[in-house]
Amino acid sequence: MVKNLRKEPMIDFKKYQIWLLTGSQHLYGADILKNVERHAIEISQALTLSPHIPISINFHSVVTSSEQILDVCQKANNSNGCIGLIVWMHTFSPAKMWIRGLDSLNKPFAHLHTQYNMEIPWSDIDMDFMNENQSAHGDREFGYIATRMRKNRKVIAGHWQEDNVRIQIGTWIRAALGWHAFQNTRVARIGDNMREVAVTEGDKVEAQIRFGFSVTGFGSGDLAVHIDRVSDKQAAELVTLYQESYHMTAEVGSSRSILEAARIELGLRSFLKQGGFNAFTDTFENLHGIEQLPGISTQRLMAEGYGFGAEGDWKTAALLRAVKVMDTGLAGGSSFMEDYTYHFKQGKSLVLGAHMLEICPSIASGKPKCEVHPLSIGGKADPARLTFDVDEGPAINVSLIDLGNRFRILINEVEVVKPEQPLPKLPVARVLWDPKPNLVTSAQCWITAGGAHHTVFSKALNTQILEDFAEIAGVELVVIDGNTNYREFKDRLKWNEVYYHLFQNRL
Ligand code: MN
């Protein structure tokens with residue numbers, strides 16, 4: 001049982017594809033349409049081979065009529081493997097023929113504005129060439145109808161052989177994979193909410209309508225039943241795996257705490273597997289029947305791709321699950337996070353991010369230590385946890401909040417920095433960052449935007465992926481970055497309030 005713990009990846013990208021649709025019309029004759037198809041196949045194959053693009057882009061068809069477009073869109077809707085469409089008008093494709101199809105499409109789409117040839121063939125260009133290569137205006141006609149229909153989509157412009165175009169396509173595909181994951185995210189909310197906490201609550205019904213993920217409540221006893229079924233032998237085997245995987249003293253390795261932590265991990269796995277959950281929350285106040293707050297188990301489950309939110313934070317748990325799908329195969333890692341405490345220093349104030357226990361070792365610098373210490377709150381036994389530092393480099397903090405009438409995604413770009421000194425007495429994983437544009441403006445903006453104290457912290461994803469994700473979701477995105485100015489930021493929040501009030505039902 002224990003040996004198989006890490007064998008199944010939580011998402012298999014090979015199961016998913018993007019369909020490339022190329023718009024045209026019948027005016028040009030069969031020869032040109034054949035060339036259009038040949039070019040589209042060549043482009044889809046070249047893009048699929050790009051290291052920036054995580055899944056196959058399969059050429060689907062050259063479409064030349066309203067009926068054909070509707071048919072493809074309906075097939076895309078019904079396909080389990082198709083997670084989105086990329087559309088490109090090689091020639092002119094009168095866009096009224098796209099209305100029925102786009103109206104029925106319920107998968108994300110990106111509009112690739114490119115053309116087959118890179119340069120104008122100065123000495124050879126003639127009217128045949130002009131007939132065949134009309135993306136420059138064909139894509140504008142398509143863009144008009146998509147905008148006229150208020151369709152959320154990403155417009156990617158540039159030549160398909162350029163790296164920056166491929167990076168943009170790959171980024172959007174990751175966002176579409178995250179969106180697909182959101183539709184299939186099931187959050188187990190164990191022990192409800194930390195008492196009286198506001199930001200971790202919210203409208204779960206609206207979240208399911210808007211994002212697709214579901215949240216189901218359980219008592220801690222429902223998990224305790226699974227923990228109680230774990231034998232000492234099974235728990236001891238898992239402790240051996242801990243010893244192989246982490247730095248651990250002999251004292252910790254032979255402690256009752258670590259054995260109990262392993263029992264909790266196996267019970268938690270069994271509980272999540274039985275219910276088909278890929279994300280969960282718990283809370284230190286509601287642990288009836290469970291000896292310790294799950295620490296190392298939660299950390300290890302996050303590292304495998306489970307979403308997690310502490311204190312009942314189902315929004316962060318669901319968001320982390322989507323982020324874990326989006327960051328699959330990328331370097332850096334992503335974790336549940338909390339702004340914990342500040343280092344105010346003239347000119348370079350910093351934030352120490354941590355949690356009581358539950359930081360994902362995917363962001364760890366080197367091999368984590370496994371330690372057992374008291375928790376100081378909650379009144380339970382001393383929990384086992386992994387402790388580590390995090391390497392320097394760019395990262396983002398992301399918060400999904402419920403504003404009552406809609407959801408908002410908030411991002412702060414940060415730079416992870418090395419601690420000035422070691423933190424020998426701090427018994428939790430931690431990361432120190434310099435928020436953009438600086439701590440004061442970042443905190444002013446974050447707090448004014450209603451950002452939560454819990455976030456998804458990611459060294460693997462950038463703002464662009466989340467921007468594409470928010471566009472697909474049709475949800476507000478607000479970014480605090482190096483250019484953010486507090487006065488302008490406040491204005492933006494006010495304008496957005498009006499915008500989302502007016503367009504809520506169109507998005
Ligand atoms: Mn917390």
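**Notebook: strands, manganese site and a surface patch**

I began at strand S16, where arginine 430 is the bridge partner of alanine 354. I was working on a predicted model, in which local features need pLDDT of at least 70 and side-chain atom pairs count only at pLDDT 80 or more, while totals for chains, interfaces and linings use all residues. Residues are numbered from 1 along each chain as its sequence is written, and side-chain values use heavy atoms, with hydrogens and water left out.

I noted that helices (H or I, at least four residues) and strands (E, at least two) are DSSP runs numbered from the N terminus, and that two strands pair if DSSP finds at least two bridges between them. Strand S11 (residues 350-354) pairs with S16 in the antiparallel sense over four bridges. Strand S15 (residues 407-417) also pairs with S16 in the antiparallel sense over four bridges, and there I found proline 435 of S16 as the bridge partner of valine 414. I then checked the cover of S16 (residues 430-435) and found five of its six residues buried, where buried means under 20% relative accessible area, exposed over 50%, and partly exposed in between (1.4 Å probe, protein chains only).

Next I looked up the open sheet of four strands, which has the order S7-S6-S8-S9 with parallel pairing. Strand S7 (214-218) and strand S9 (307-310) are its edge strands, each pairing on one side only. Within this sheet, S8 (residues 279-282) pairs with S9 in the parallel sense over four bridges, and threonine 281 stands opposite glycine 309 in S9.

From S9 I went on to the manganese ion, which is coordinated by Glu311 (OE), Glu338 (OE), His355 (NE2) and His454 (NE2) at 2.1 to 2.2 Å. Donors are N, O and S atoms within 2.8 Å of the metal (3.2 Å for Na, K and Ca), and water is not among the atoms, so sites may look incomplete. Glutamate 311 lies in the loop between S9 and helix H13 (314-326) and histidine 454 in strand S17 (residues 454-458), so this pair ties together parts that are 143 residues apart in sequence. I recorded both glutamate 311 and histidine 454 as buried.

Last, I turned to the surface and asked where tryptophan 122 is placed. I found tryptophan 122 in the loop between strand S4 (109-113) and helix H4 (127-132), and at 69% relative accessibility this residue counts as exposed.
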